[in-house]
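Visitor: Could you take one part of this model and go through it closely with me? I would like the contacts of a single residue to come before the wider surroundings, in one connected account.

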Amino acid sequence: MLAVKRQVTLSSASRIHQALRPGLLSGLSFAAATRAYHSKLYGSADEAIEGIKTGSKLLIGGFGLCGIPENLLKAIARRKDIEQVTAVSNNAGTSDYGLGTLLQSRQIKRMVSSYVGENKEFARQYLGGELEVELIPQGTLAERVRCGGAGIPAFYTLTGVGTQVETGGIPIKYSTDGQKVLIASEPRETKMFGGRKYLMEEGITGDFALIKAWKADELGNLVFKYAGNNFNAPMATAGKITIVEAEEIVPVGELGPDNIHIPGIHVHRVIKGEVYEKRIEKLTLRRSATDENSLPASMQQRIHIIKRAAREFKDGMYVNLGIGMPVIASNYIDPSITVHLQSENGILGMGPFPRPEEVDADLVNAGKESVTVLPGGSCFSSDVSFGMIRGNRLDMTILGGMQVSQFGDLSNWVVPGKIIKGMGGAMDLVAATNSRVVVTMTHNDKDGGPKILKENTLPLTGVKCVDRIITDKCVFDVIPGKGLLLRELSHGKTVEEIRASTGCEFDVASDVAETY
């Protein structure tokens with residue numbers, strides 16, 4: 001519903017007259033003081049989604065439950081006539097909220113995502129052949145959407161080289177018994193630049209983009225709050241029709257021109273969100289040392305690994321911490337040094353987990369856990385975040401792992417037919433050529449089998465990308481062209497024990513010692 005209104009400019013007619021020579025364009029004063037405009041406000045979410053139909057392709061902003069268009073998704077869930085939708089979204093919320101509700105109502109035919117995560121219904125439908133899932137590395141997904149919005153048909157990237165992203169074969173649809181792959185991803189076109197292989201990725205656009213903003217005006221100018229920017233910004237530019245719900249609608253002119261994240265040219269419809277739950281997927285609070293001592297043995301083992309990993313930090317470093325175990329390292333940074341932590345969902349200067357009074361639903365890390373931002377920190381969109389990563393602005397990345405080979409090949413995103421987490425941002429992070437990659441993981445799996453192997457048996461995340469492996473038993477360095485070098489031992493461990501629990505040969509440093 002469009003309404004013609006008048007907007008008062010920031011400069012009054014008298015100030016314009018002062019800036020002009022007397023008599024020059026004297027008739028300009030009234031025209032410059034006001035101008036007519038079309039309001040993009042709609043009365044409700046139900047009204048705003050008009051035109052979305054069976055088979056529509058939807059770009060849906062948000063990251064986990066942070067910055068999701070809650071009210072627009074609820075409106076679609078009420079429209080049972082909308083079916084067979086293709087949903088492009090980093091992930092699908094939880095089983096009972098956000099985009100997960102459209103999975104529950106069977107309104108989605110295909111998900112285009114980077115991460116399945118802990119959404120059990122998402123994983124169940126995918127592995128049971130009920131849902132098509134096109135898995136794309138997170139940074140590649142963000143850039144494909146950004147390029148689609150910018151009219152760029154394709155681009156080349158290092159992300160995924162040497163993995164199934166390049167060769168094809170990632171399952172998109174399984175048979176109903178989960179035993180056969182009915183649809184698989186296609187191989188990517190490749191090209192050499194500067195002696196390195198790159199993959200070609202095509203831009204993504206959608207019929208509609210569903211976006212959540214913090215503030216909007218009637219012209220469709222948008223401002224996001226903290227990590228609520230994420231995928232909202234690039235997706236707002238890539239929809240044929242962009243529909244925005246905002247927590248607050250402000251008068252035209254109240255948003256400063258240099259504070260607007262997305263200009264109204266990209267936005268077609270705006271509503272004020274009716275109700276916001278703003279759930280936090282993983283409410284995580286800061287622990288005291290006393291709390292750590294009471295944790296179960298498995299968690300204390302993880303903390304033991306991470307405390308050693310925290311020694312990798314050096315003063316002034318820019319570092320990305322992967323989800324799970326690595327992100328805990330933010331709580332163990334030496335207070336005498338400055339480390340700038342980057343989270344791929346759009347935070348630089350990430351701090352530790354919050355105290356109860358510091359919790360904000362718009363501040364979560366890449367693992368969807370509540371976090372803080374330190375003074376001097378900044379927030380930005382997912383495409384900007386991965387531009388930092390691909391552009392080699394990070395000094396180091398710490399990741400979790402399922403398997404690492406003797407030459408530094410990493411697997412950490414899938415156990416075919418059983419566990420499907422998705423690659424998330426890991427493939428993008430390990431493809432950054434100048435960023436040191438440290439993998440933290442338990443030395444052996446739950447059955448006692450080695451996770452450090454001569455050759456990976458699981459699909460790869462990256463090829464020859466790991467520089468250091470830190471486990472509960474030891475520290476290995478990966479020496480290019482040679483293999484593993486045992487650098488350090490955990491207290492109470494011996495070289496013989498490491499040999500018995502490792503699935504490949506390795507050399508031992510002359511000064512190897514128990515250090516952690």
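Guide: Not counting residues up to four places away in sequence, Ser501 touches His443, Asn444, Pro450 and Lys473. This is a predicted model, and the contacts of Ser501 are to be read as computed from it. Ser501 belongs to helix 14, which covers residues 495-501, and its side chain reaches the backbone oxygen of Glu497 at 3.0 Å. The relative accessibility of Ser501 is 10%, and because buried means under 20%, Ser501 counts as buried.

From this residue we can turn to the pockets. The largest pocket has a volume of about 1500 Å³. It is lined by 50 residues, of which Arg302, Gly401, Met402, Lys421 and Lys451 are the closest to its centre. Helix 11 (297-309), strand 20 (396-400) and helix 13 (426-431) each supply at least two residues of this lining, and helix 11 gives the most, with 4 residues. By class, the lining of the largest pocket holds 20 nonpolar, 18 polar and 12 charged residues.

The second largest pocket has a volume of about 500 Å³, and among its 25 lining residues Arg196, Val430, Val463, Lys464 and Cys465 lie nearest its centre. Here strand 11 (196-202), helix 13 and strand 28 (474-479) each supply at least two lining residues, with helix 13 giving the most, 3 residues. Helix 13 is thus named for both pockets, since it supplies at least two residues to the lining of the largest pocket and at least two to that of the second largest. The lining of the second largest pocket divides into 14 nonpolar, 7 polar and 4 charged residues.

The nonpolar cores complete the account. The largest nonpolar core has 41 residues, and those with the most contacts inside it are Ile52, Leu99, Met111 and Leu210. Helix 4 (residues 70-78) contributes the largest share of this core, 5 residues. Leaving aside neighbours within four places in sequence, Leu210 is in contact with Ile52, Leu58, Leu59, Ile60, Gly61, Pro69, Leu72, Leu73, Ile76, Asn232 and Ile243. Apart from the largest core lies another core, of 31 residues, which includes Cys66, Met299, Leu363 and Val364.

Methods. Residues are numbered from 1 along each chain as its sequence is written. This is a predicted model: local features need pLDDT of at least 70, side-chain atom pairs count only at pLDDT 80 or more; totals for chains, interfaces and linings use all residues. Side-chain values use heavy atoms; hydrogens and water are left out. On a 1 Å grid over the protein atoms alone, a cavity is a set of points where a 1.4 Å probe fits but cannot get out, and a pocket is an open set with protein on both sides within 12 Å along at least five of seven lines; lining residues have an atom within 4 Å of a point. Grid points are joined across faces, edges and corners, and a volume is the space filled by probe spheres set on the points. Ala, Val, Leu, Ile, Met, Phe, Trp, Tyr, Cys and Pro count as nonpolar, Asp, Glu, Lys and Arg as charged, and the others, Gly among them, as polar. Buried means under 20% relative accessible area, exposed over 50%, partly exposed in between (1.4 Å probe, protein chains only). A polar contact is a pair of N or O atoms within 3.5 Å; within protein, one must be able to donate a hydrogen and the other to accept it, and residues adjacent in sequence count only if both atoms are side-chain atoms. Contact means heavy atoms within 4.5 Å. A nonpolar core is a set of buried Ala, Val, Leu, Ile, Met, Phe, Trp, Tyr and Cys residues joined through side-chain atoms within 4.5 Å.
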